[in-house]
Amino acid sequence: GVHVATDGDGDLARRYGARTSGHAVLYDANGVLRYSGGITRSRGHDGESPGRRAILAALQGEAHASEFPVFGCPLFAPLTP
């Protein structure tokens, strides 16, 4: 039941508000946003983290935090004035 998409031009990232490479979003089957944020405890680290725990809790229908800080590299160049 998972949909994975390639986003070479960044349209999906922009639509869902992802600005950093470590940003993850989780929607339920009804299209309700259940989580938006980071899934690592710091840049380049795998393993247990608050974001990972939140996503796993959401998948199991448990109460959870809906966001955590995102660590990673910028997906887009900064806008210049």
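This note goes through the fold, the surface and a few side chains of a predicted model.

1. **Overall layout.** The chain holds two helices and two strands. Read along the sequence, their order is α-β-β-α. Strand β2 covers residues 33–38. Helix α2 covers residues 50–59.

2. **Burial and contacts.** The chain has 81 residues, and 20% of them count as buried. Take the contacts between residues at least 6 apart in sequence: 51% of these join residues at least 24 apart.

3. **Exposed surface.** About 6,000 Å² of the chain is exposed. Carbon and sulfur atoms supply 55% of that area.

4. **Nonpolar patch.** Which residues make the nonpolar surface patch? They are Y16, V25, Y27 and L33. The patch measures about 330 Å². One of its members, L33, sits in strand β2. L33 is partly exposed, at a relative accessible area of 42%. Patch residues need over 30% relative accessible area, so L33 passes that cut-off with its 42%.

5. **Salt bridge.** How many salt bridges does the count give? The count comes to one. The bridge joins the side chains of D28 and R34, with 2.8 Å from N to O. The cut-off for such a pair is 4 Å, so D28 and R34 qualify at 2.8 Å. R34 falls within the residue range of strand β2, 33–38.

6. **Cover over the bridge.** Are the partners buried or partly exposed? D28 is partly exposed, with a relative accessible area of 22%. R34 is partly exposed too, at 37%. Buried means under 20%, so D28 at 22% does not count as buried. The same cut-off keeps R34, at 37%, out of the buried class.

7. **S49: place and burial.** S49 lies in the loop between β2 and α2. Its relative accessible area is 1%. Since buried means under 20%, S49 is classed as buried because of that 1%.

8. **S49: partners.** Which residues does S49 touch, leaving aside neighbours within four places in sequence? The contacts are I39, T40 and R41. S49 also has a polar pairing. A polar atom of the S49 side chain lies 3.1 Å from the backbone nitrogen of R52. The limit for a polar contact is 3.5 Å, so this pair's 3.1 Å is within it. R52 falls in the α2 range, 50–59.

How values were computed. Residues are numbered from 1 along each chain as its sequence is written. This is a predicted model: local features need pLDDT of at least 70, side-chain atom pairs count only at pLDDT 80 or more; totals for chains, interfaces and linings use all residues. Side-chain values use heavy atoms; hydrogens and water are left out. Patches are made of residues with over 30% relative accessible area and no salt bridge: like charges are joined within 9 Å, nonpolar side chains (Val, Leu, Ile, Met, Phe, Trp, Tyr) within 5 Å. Accessible areas come from the Shrake-Rupley method with a 1.4 Å probe; for residues, only the protein chains shown count as cover. Helices (H or I, at least four residues) and strands (E, at least two) are DSSP runs, numbered from the N terminus. Buried means under 20% relative accessible area, exposed over 50%, partly exposed in between (1.4 Å probe, protein chains only). A polar contact is a pair of N or O atoms within 3.5 Å; within protein, one must be able to donate a hydrogen and the other to accept it, and residues adjacent in sequence count only if both atoms are side-chain atoms. Contact means heavy atoms within 4.5 Å.
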